[in-house]
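Visitor: I am new to this structure and would like a close look at a single part, the nonpolar core, together with its surroundings. Please take me through it with care.

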Amino acid sequence: RAVAMSVSHSSRLNKLVREQYMRLPQDGLVQVTYVWIDGSGEGVRCKSRTLDKEPKSIEDVPEWNFDGSSTAQAEGSNSDMFLVPICMFRDPFCLDPNKLVLCEVLKYNRKPAETNLRHTCKKVMDLVKDSHPWFGMEQEYTLLGINGHPYGWPDNGFPGPQGPYYCGVGADKVYGRDIVESHYKACLYAGVKICGTNAEVMPSQWEFQVGPCEGIEMGDHLWMARFILHRVCEDFGVVATLDPKPMTGNWNGAGCHTNYSTEEMRREGGLKHIEAAIEKLSKRHDYHICVYDPRGGRDNSRRLTGHHETSNIFEFSAGVANRGASIRIPRQVGQDGYGYFEDRRPAANCDPYAVTEAIMRTTVLNETGVETKDYADH
């Protein structure tokens, strides 16, 4: 009864009935679902339209528009916003030939919306393309019932302390594996570069990894993986939260650890380039903290306490195999002398465009201080 009460009403609808309609032929027509980031900078929205043939590339998908006053992105008196298609995936919910299309949002004057952080990220990635930056992001999230309580936790109380849950197996150790495995398969079908998943330290907390992706592709694929996660959770009647500290007390928070390398870091002797990049990051800690969550560091301040496998938000640190540091160099990289490093500071609800752009600005474009350079005129 407790489990039934924590899931949404729509998840209890007869899914076999839905399957009857999903099997109907489309006679060459294609359903395209446009996906975009809303005015919160964290939420995703979507709507669908019919095209008369299957798009073979993103250029075949037309621009569209939506009511920005209903997504906290425009005034009601001038509410039309443009949806500009930028990345296309197979649709794991309606199946081939239907598509999911990630879009940038432009305002009425064709300027980027305030939460369109892809626009500047793309400029920066174009500038640094010769360094061939690779990223892999580890997206932690927590499953909640629709009552806001962690899924599977006792209604009045807490599960046992952390310890048996990380990468756990067994009904008393993990909650919601059906959701996690469905999300994984859906991402593989869609063409999202998902590369792994595991149960996390706090019960009902999970992680999936996306990458390696080069340049702007990192943000594109992580945002689509997030959309698919929320959509899968909708089918199961639960909620996935990216809050960096969903439960106060002696519980791990949720981050989005970002693994990064350039071509020279991946070559023999690359460790010196890794160390040089970390030195640059150490001198710009405040700037990175400000862009590593949507609220200028306020969300991360609840998570980066120096406890529960985190560094302290006010201090920069780095070390080999140290999960309590701002930057971790994997032990294997230390032994090999080349590879990548992990920035453990980004919050689970970070914008991957903002994170990857900031890393490139600091480590490749050699920016310093808290101000960023505008490259629009160069």
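Guide: What follows begins with the domains, goes on to the core, and ends with two parts of the chain described on their own.

This is a predicted model, in which local features need pLDDT of at least 70 and side-chain atom pairs count only at pLDDT 80 or more, while totals for chains, interfaces and linings use all residues. Residues are numbered from 1 along each chain as its sequence is written, and side-chain values use heavy atoms, with hydrogens and water left out.

The domain assignment, which is automatic or taken from a database, gives domain 1 (9-115) and domain 2 (125-364). Their centres, taken over C-alpha atoms, are separated by 26 Å, and 22 residues from domain 1 and 23 residues from domain 2 take part in the contact, where contact means heavy atoms within 4.5 Å.

A nonpolar core is a set of buried Ala, Val, Leu, Ile, Met, Phe, Trp, Tyr and Cys residues joined through side-chain atoms within 4.5 Å; buried means under 20% relative accessible area, exposed over 50%, and partly exposed in between, with a 1.4 Å probe and protein chains only. The largest such core has 73 residues, and those with the most contacts inside it are Tyr 141, Leu 143, Met 224, Ile 228 and Phe 341. Helix α5 (residues 217-236) gives the most to this core, with 10 residues; helices here are DSSP runs of H or I with at least four residues, numbered from the N terminus. Because domain 1 (9-115) and domain 2 (125-364) both give residues to this core, it lies between them. Apart from this core lies another, of 14 residues, among them Val 32, Phe 66, Val 101 and Val 105.

Leu 143 deserves its own mention: leaving aside residues up to four places away in sequence, its contacts include Tyr 151, Tyr 175, Ile 179, Trp 206, Cys 233 and Val 239.

Glu 234 also has its place in helix α5, and with a relative accessible area of 46% Glu 234 is partly exposed. Glu 234 and Ser 10 are 224 residues apart in sequence, yet 8.2 Å apart in space, C-alpha to C-alpha. Not counting residues up to four places away in sequence, Glu 234 touches Ser 8 and Ser 11.

Elsewhere, Arg 118, Thr 120, Cys 121, Val 124 and Met 125 in α3 meet Tyr 353, Thr 356, Glu 357, Met 360 and Arg 361 in α11.

Notes:
Helices (H or I, at least four residues) and strands (E, at least two) are DSSP runs, numbered from the N terminus.
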